Each structure stands twice: as structure tokens, then as C-alpha cells.
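Welcome, and please load the model in your viewer. We will go from one selection to the next and look at what is there.

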Amino acid sequence: MSSRVEVRKSLDGAEQKPSRQARAGASASPRFSWRTKQRIKGASFTWPFVIGFAVFTLLPVVVGLGQSLFSSKTSGLGFGAATVSFAGFDNFARGLVDPVFWDSMLRVSIYAVVIVPVIQLISLTLALLIDAVKRRVANRFRLILLIPYMIPGIVAIMIWLYLYSPVVGPLRPFFGLFGVHTDFFSGSMIWVSIGNLAVWGSIGFNMLILFGALQAVPREIFDAARVDGASEFRIAMSIKVPYVRGSLVLTGLLSIIGTLQIFNEPTLFRSISPESITKDFTPSMVIYNQAFQVGNLNYAAALSIILAAVVGAASVIIYRLTNKVES
Amino acid sequence: MTLTSSPSKALDTKKDTRKIELKALRLRKRQLRSMDNDDPSELSGKRGRSSWIVLVGLVLFALYSVGPAWWLLISATKSKEDLYTTDAMWFADFKLFDNLASLFTYQDGIFGTWLWNSLLYAFASSIGHTVVSMAAGYGLAMYAFRGKGTTMGFIIGSFLIPGALLTIPSYLLFVQIGMYDTIWAMIIPAFFSPFAVYLAKIYAEGAVPSELLEAARIDGAGEYRIFFQISSRLMTTAGATIFLLHFVGSWNGFFGPLVYLRGADKWPVMLGLYSWLQRGTDSTVDLTGLVITGSLVATIPMVILMIAMQRYWRSGVAMGSLK
């Protein structure tokens, strides 16, 4: 019971609660024991955050839920005041069968299902390689491999855009050497091009997490395995990989959540190759387009909620599946 | 060996003693390193071939990682014409300074404004972000009070809220409260990050002993004074990590500025570069050279910062992933 009361308090009473308690703390009346005062002061450390969190995270969620239930129509050519009317779940009903939105969702889901395991596999390979060399060598390589992580995401996308480009990019002549002639911006290659960019940008960081997990494996186990005649490859597969499974799940989950909301990469690719990337290429792009090009914020809010639900469901399913495998 | 063979004629000056000290230090380091290599498990001869395979694999990955960055570095030094005609992976005529000059003078030096905006947003938001998160994390770690459990619940729960859910409603909210298209939209909302609070709490639990707090109380220090004069100093590492991670995140931000800012004079550098990329492809002006040089200018501070402060963000990564 008390927890529900507190939930409500931090939901809609966040502004009132601190001011009331702050007044009590400031007055320092003898009615409060020093213990209570200390508690109030302790709690007051969190108030700036609690207020800001309520205003900039919880309030938007509530606003979004509210907006999605209305629809606004402008009369004529967009001039004059818009008439806002309660629409119930109309926006959701429309969003749930919107072929443009679900096409984009399918596109991104297939991409995520392929690219996330690929990234995991490469990152794991990299972490195992780094773990297999001497510490001094490892430290040097680790820094080099983390360079992509240090380069801002937008700059990374631009670099690869130019590398892929038929005009300034060296990649096409490079592949030409092997007799492979390909257009990196064509409809069939575009996801491969974006996928390579994702691999390049994230393997260093994922490697760091997995390498950290590998470092926690007690070294005596390896010695014991070597005495028993296990090869280094066997040790990697049968001891190291099972040890880092938890980290693999974590990085995989983060990748999936990020990939389903992908926006920056296709948006920048679109400015180079608008014919293979439509304005509704990914769910986030559909939402952006609905909100700021079409101007239907209510519908965009509803689509945001649907996207959030899909992302949440995907996280839960992956979590469940991986837990089942582990047990 | 290096020690004895160094010239002994001018040992009296301070400079030379310092030099010799440095040499000795270097020698000692080298010894330590070679001891490090004598790890018995690494010495067995039959691992020779597999360790070559490992090394080749690592070199290939390293080339893959560095190649694009190298291309950016090379291309930023080329003139517009050389960009299209010369070998993409090697230097041509060195024109970096000409490129920089045209970068900072194009459109009355708007690139400088963007850089300044990025710096301002990154610094201002990171300072507030760090102070708010440290205080909240400390409060949650060190005190028992009503609503603590609920607050923690909300913090953990909010990790699951995808960014896409918040963008449109935040835009509406910012329009309502007059923050849309102002610098405050880039600064104030960034103060409140559940993840940073979580990091600070985890760190405070390990770094600030409650006995110390009791001792300070007995000496008559108030709770706020204890935080600002004692605990915050014990939490410096966490503070630096939180500051750095957010500084980099703010510098690299794209979607937020795209949605919340309209006027080009308020854009951060990433959004500015995007606008040039977009314009360069659909009009007659060729902005490719400017985008490339601008990208390099926007990247180098980040790379230097990240390398210099490796210790901090790596600890942040470890804290975030293991707990």
C-alpha cells in the first residue's frame, strides 16, 4: 500500500514534496529529532534529481500518452487554429495497421537479427585474440581497436559515406582489384554498408566489456586445462566463452535496443542516396517524418509508444531466451 | 648499460642529473616489462604457430579500425582537386592549413560558432549533470529515508525507456515551457540522468565509509558540509567518469539538437556538419572538402580527451557492465 502512495507522490507531487520537506528542514524546530533531520537532509541530496527526472522523463511519458489519444485537424491549407478532438485509440488503431510503419519495422528487425549476432561474434573473437597475447602487446592493440569508439558517431558515418562513395572513396577501386564491382549505396547493398559501419563502430567497445569479463576468469583454470592437454582453442571455446556469456547477453541486449531505434545512419545515408533510402526507412524515421514533415504530432506520439512497446517486448524475449539457455 | 655509457663530463648541472634519472627510470621500466614477458605459461614452444595466427588476426582488425580514421586524417590535408585524383590513402600536397582557413571563414565563420556551441553545451550540461548525479547517488547510497526504494525503482525502470519514446513528448514540452530552440534545451534536461545517478550510487557505496561520516558528525560537521568537503573528494573518480562520459555524449549528440533546435546559430558542430553534407550533395557548391576538414577538427579534441582520460571511462564501462 505504502509503495503505491509513494509512486503517486513522485509522479505528480514531486514539486510539492521537496518544498514541504525543505521548509521543515530549514525551520529546524525542536519537534524533529536530529535523526529525522539527518534523514531529511540525506533525502534532500536526491531532490534536484527527483524533480528534474519528474519534469524531463516522467512528465514527457505522461504527455506522450495524452497526446496519442487526441487528434488535431487544421482547416484549409494549414492556416487558422487547429481543432483538437479526443480520438481515443484511433491513432493506435491506425498505427497498428500502418503498412509504412510496419514495413520499416520489419526491415529494421531483420537487420537487427542479423547484425547483432555478427557484432557479438566478431567482438568475442577480438576479445579472445586480445586475451591470447602478452599483456604489453594487448594494451597497445586495445588502444588502437578503441579508436573507432572515440570517433563521434556522426563523423564515423560521414567517413564511411565518403569511403563508399564512387567519387572520392578508395573502397570501390580496392574491391575492383579482386574483380568485385559493387555499388555500396544500391538497394541490395545498403544494409550491408550500414552493417559494416555498425560493426566498425561497436566491436571495440564490446571487446572492452568482454575482455574485462575474461580478465575476471581465474588463471589457474587455464593452467589446469593445459596440464590436462587442452589446446588453446579448446580452452577458449570451453572455458572462456561460457564465462563471458553474461556480458554477451548484456551487450547483445543493448545492441538490439539501439538497433531497433536506428536513425542517424539511415538519415545521413539518405542525404547521399535518397533513391535507396526512403524517408520512411526505419521506425524512428517514420516517427520523425510524421512529427516534423507531416506535422501530425499526435500520430507520431502513438507510433513512439508502439515502437517503445516493440523494443520492450524484444528486450524481454531476449532476456528470457538467454536465461533459459543458461539454466 | 645506458647508464654507464652516458657522458659523465657535465654531471654537475641539474639538467643532466634529471636526464640520467629519466634514463634510469626508462631502463627500470624495460626490465619490468621483460619480467612481465617471462610469464611461464607463455613460453611453451608449440604455441608458436597459433600465436602467429593470433597476431595476424589482431593486425587485420587493427588495420580495419584505423583505416577510416587514417583516411580522414589524410583527406583533410588535401586540396579539393587532389581529393578526387590522388591516392586516397596517402598524402598529396599538404594543404591542411589552407583547408582550415577556408573552413573557419566559410559563411562568416559559422563553423567557429558551431564549435563554440558544442563546447558550451558539453561543458555546461556536464557540470550540472555531474553535480546532480553525484549528490543524488550519494544521498541514495548513504542515507535511509522514505521514498528511497521508490526512487531506486524509478531509476532502474527508466533504463528500459527507449529514447524514441521521449523525443516527441519532450519536444512538445519544450515548446510549452519556452525551451524549444534555446540553448537551455541542450543544457538543462541533460542534468538528470538515471544511469549517472546509478553509477554514482554504486561508487559511493564502495568509496565512502559510513564510519567517516559518523566521525565527521561527532566533530560537528553538517550533512552538506560533509558532502562537499569530504565525501565528494572521495568520489572524484566517479565524478570524473560521469563528467567525461556525458561530455563525450553531449559533443556527439545529433538527434536531440536536430529536433530541439531550429536556428543555425545555435547548432552544435555535428548538426552543422550534417547540414553541409546535405547541402553539398544537392547543390552546385562542393562542400566535401569542408565537411572532411570539419569532421577532423570536431574529432581530434574527443580522441585526445578519451586517450588522456582512458582510466576514467574504462572504469565507467566496467562499472556499468558488471554491476
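## Stop one: where two domains of chain B meet

In this predicted model, select domain 2 and domain 3 of chain B: 6 residues of domain 2 are in contact with 7 residues of domain 3. On the domain 2 side of chain B, the elements that each give two or more residues are α3 (48-75) and α4 (80-85). The most comes from α3(B), with 3 residues. Colour that side of domain 2 by class and you will find 4 nonpolar, 1 polar and 1 charged residues.

Now zoom out to see the division of chain B: domain 1 covers 1-6 + 13-36, domain 2 covers 62-94 and domain 3 covers 105-322. If you place a marker at the C-alpha centre of domain 2 and another at that of domain 3, the two markers will be 33 Å apart.

## Stop two: between the chains

Next, show both chains. Here 82 residues of chain B are in contact with 80 residues of chain A. Which element gives the most to the side of chain B that touches chain A? It is α3(B), with 14 residues. By class, this side of chain B has 56 nonpolar, 20 polar and 6 charged residues.

For a single residue to centre on, pick B:P169, which is found in helix α8 (residues 163-176) of chain B. Is B:P169 buried or exposed? B:P169 counts as buried because 25 C-beta neighbours lie inside 10 Å, and the cut-off for buried is 20 or more. Leaving aside neighbours within four places in sequence, B:P169 is in contact with A:P60, A:V61, A:V63, A:G64, A:Q67 and A:A301.

While chain A is on screen, give it a look of its own: chain A has 17 helices and 2 strands. Of its 327 residues, 37% count as buried. Among contacts in chain A between residues at least 6 apart in sequence, 67% join residues at least 24 apart.

## Stop three: a bent helix

Select residues 288-308 of chain B, which form helix α16. At 1.5 Å a residue, its 21 residues should span 30 Å, and the end C-alpha atoms are 30 Å apart, so the two values agree. Follow α16(B) to B:T299, where the helix bends by about 25 degrees. A proline, B:P301, follows within four residues.

## Stop four: two positive phi angles

Move to the loop between α5 (96-105) and α6 (110-142) of chain B, the place of B:Q107. B:Q107 is not a glycine, although it has a positive phi of about 50 degrees. B:D108 lies in the loop between α5 and α6 of chain B too, and has a positive phi of about 55 degrees although it is not a glycine either. B:Q107 is exposed, with 11 other C-beta atoms within 10 Å; B:D108 is exposed, with 8.

## Last stop: confidence

Finally, colour chain B by pLDDT. Its mean is 81, and 85% of its residues reach 70 or more. Among the elements of chain B, helix α1 (residues 2-5) has the lowest mean pLDDT (44) and α6(B) the highest (92). Over residues 1-11 of chain B the pLDDT is below 50, and beyond near neighbours in sequence this stretch has 11 contacts in the model. Residues 38-46 of chain B are below 50 as well, with 2 such contacts. Where pLDDT is low, the predicted coordinates should not be read in detail. For the complex, the predictor gives an ipTM of 0.80 and a pTM of 0.80.

Conventions:
Residues are numbered from 1 along each chain as its sequence is written. Chains are lettered from A and ligands numbered from 1 in the order in which they are written. This is a predicted model: local features need pLDDT of at least 70, side-chain atom pairs count only at pLDDT 80 or more; totals for chains, interfaces and linings use all residues. Domain bounds come from an automatic or database domain assignment. Ala, Val, Leu, Ile, Met, Phe, Trp, Tyr, Cys and Pro count as nonpolar, Asp, Glu, Lys and Arg as charged, and the others, Gly among them, as polar. The expected span of a helix is 1.5 Å times one less than its number of residues. The bend at a residue is the angle between axes fitted to the seven residues ending there and the seven starting there. A residue is buried if 20 or more other C-beta atoms lie within 10 Å of its own, exposed if 12 or fewer, and partly exposed in between; C-beta atoms are placed from the backbone. pLDDT is the predictor's confidence in each residue, from 0 to 100.
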